[in-house]
Amino acid sequence: MKEFLNGRVRVTVGDITRERVDAVVNAANSSLLGGGGVDGAIHDAGGEAILAECRELRRTLYPEGLPTGEAVATSAGRLPARCVIHTVGPVWGRHGGREAELLANCYRNSLLIAAGRGLASIAFPAISTGVYGYPREEAARVASETVAKFLQGETATGDERDESAGALREVRYVFFSQADADVFLRNHKFD
Ligand code: AR6
């Protein structure tokens with residue numbers, strides 16, 4: 001396990017469904033109704049309760065689906081985490097050059113939900129770098145810059161949202177393989 005920003009950021013390898021953190025982030029699709037990869041693993045391990053809440057979110061707040069870059073929380077069913085934050089990453093090459101901005105939105109909006117709920121820890125998978133085809137090197141830059149800015153309390157100019165990290169003490173990046181973690185460790189912007 002590698003650490004950055006005085007231990008507030010950790011990089012680890014494993015199955016994200018097993019992480020003992022307050023919030024686990026799901027690399028979902030806009031249907032919120034499940035899929036493969038991280039999404040499939042979270043719904044499989046977490047059980048029906050998560051899917052039932054996702055269906056309710058579709059019926060109420062997101063009849064057209066969750067837009068790319070946005071995030072929404074449900075409970076975590078049987079996972080050791082307290083909640084799951086579902087976010088929809090960009091599909092590489094499908095957003096007319098706005099992919100980095102949208103990927104950053106995924107991280108920032110997930111962090112805002114966690115901080116808003118007073119959570120202390122959150123674990124992210126490498127959003128968009130699987131089926132959605134985002135290059136891992138590029139994704140590492142975006143994921144690290146966005147988390148660093150958030151933890152350091154930088155607010156985007158003109159953005160009046162409260163972006164305080166609040167009680168958030170630990171942000172964990174969970175990679176499925178050591179090779180993926182190594183790509184991140186070669187390309188992050190924490191130092
Ligand atoms: N724990 C940690 N990382 C994982 C796990 C796991 N259990 N499983 C896969 N990864 P992906 P995306 C890694 O495809 O690119 C789904 O079908 C994987 O190696 O899960 O955002 C959704 O429903 C990769 O590095 O997410 C969407 O339709 C990373 O997690 C679509 O895939 C992300 O891969 C979203 O695609």
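## Around the ligand

The shell around the ligand in this predicted model is made up of 10 nonpolar, 9 polar and 3 charged residues. Here Ala, Val, Leu, Ile, Met, Phe, Trp, Tyr, Cys and Pro count as nonpolar, Asp, Glu, Lys and Arg as charged, and the others, Gly among them, as polar. In total, 22 residues surround the ligand, where a residue is near a molecule if one of its heavy atoms lies within 4 Å of it. The closest are Asn29, Gly36, Asp39, Ser128 and Gly130. Helix 1 gives the most to this shell, with 4 residues. Helices (H or I, at least four residues) and strands (E, at least two) are DSSP runs, numbered from the N terminus.

Now for some polar contacts, which are pairs of N or O atoms within 3.5 Å. An oxygen atom of the ligand lies 2.7 Å from an N or O atom in the side chain of aspartate 39. Another contact joins an oxygen atom of the ligand to a polar side-chain atom of threonine 129, at 2.9 Å. For isoleucine 16, a backbone N or O atom is the partner, 2.9 Å from a nitrogen atom of the ligand. Taken alone the ligand exposes 700 Å², and the protein buries 90% of that; such areas come from the Shrake-Rupley method with a 1.4 Å probe, and for residues only the protein chains shown count as cover.

## The largest pocket

Which space does the ligand take? The ligand occupies the largest pocket, in the sense that more than half of its atoms lie within 2 Å of the pocket's grid points. On a 1 Å grid over the protein atoms alone, a pocket is an open set of points with protein on both sides within 12 Å along at least five of seven lines, while a cavity is a set where a 1.4 Å probe fits but cannot get out; lining residues have an atom within 4 Å of a point.

The volume of the largest pocket is about 550 Å³, counted as the space filled by probe spheres set on the points, with grid points joined across faces, edges and corners. Its lining has 26 residues, with Ala27, Gly37, Val38, Ala126 and Gly130 nearest the centre. Strand 3 (23-28), helix 1 (37-46) and strand 7 (170-175) are the elements giving two or more residues to this lining, and helix 1 gives the most, with 4 residues. By type, the lining of the largest pocket divides into 13 nonpolar, 9 polar and 4 charged residues.

## A cavity

The structure also holds 1 cavity of 30 Å³ or more. The largest cavity has a volume of about 100 Å³, and 14 residues line it, with Ala126, Ala139, Ala140, Phe175 and Phe184 closest to its centre. Helix 4 (136-151), strand 7 and helix 5 (178-187) each supply at least two lining residues; helix 4 gives the most, with 4. This lining comprises 11 nonpolar, 1 polar and 2 charged residues.

## Two backbone angles

Most residues other than glycine have a negative phi. Leucine 5, in the loop between strand 1 (2-4) and strand 2 (9-13), has a positive phi of about 45°. Serine 128 has a positive phi of about 75° and is found in the loop between strand 6 (121-124) and helix 4.

## How to read the values

Residues are numbered from 1 along each chain as its sequence is written, and side-chain values use heavy atoms, with hydrogens and water left out. In this predicted model, local features need pLDDT of at least 70 and side-chain atom pairs count only at pLDDT 80 or more, whereas totals for chains, interfaces and linings use all residues.

Terms used:
A polar contact is a pair of N or O atoms within 3.5 Å; within protein, one must be able to donate a hydrogen and the other to accept it, and residues adjacent in sequence count only if both atoms are side-chain atoms.
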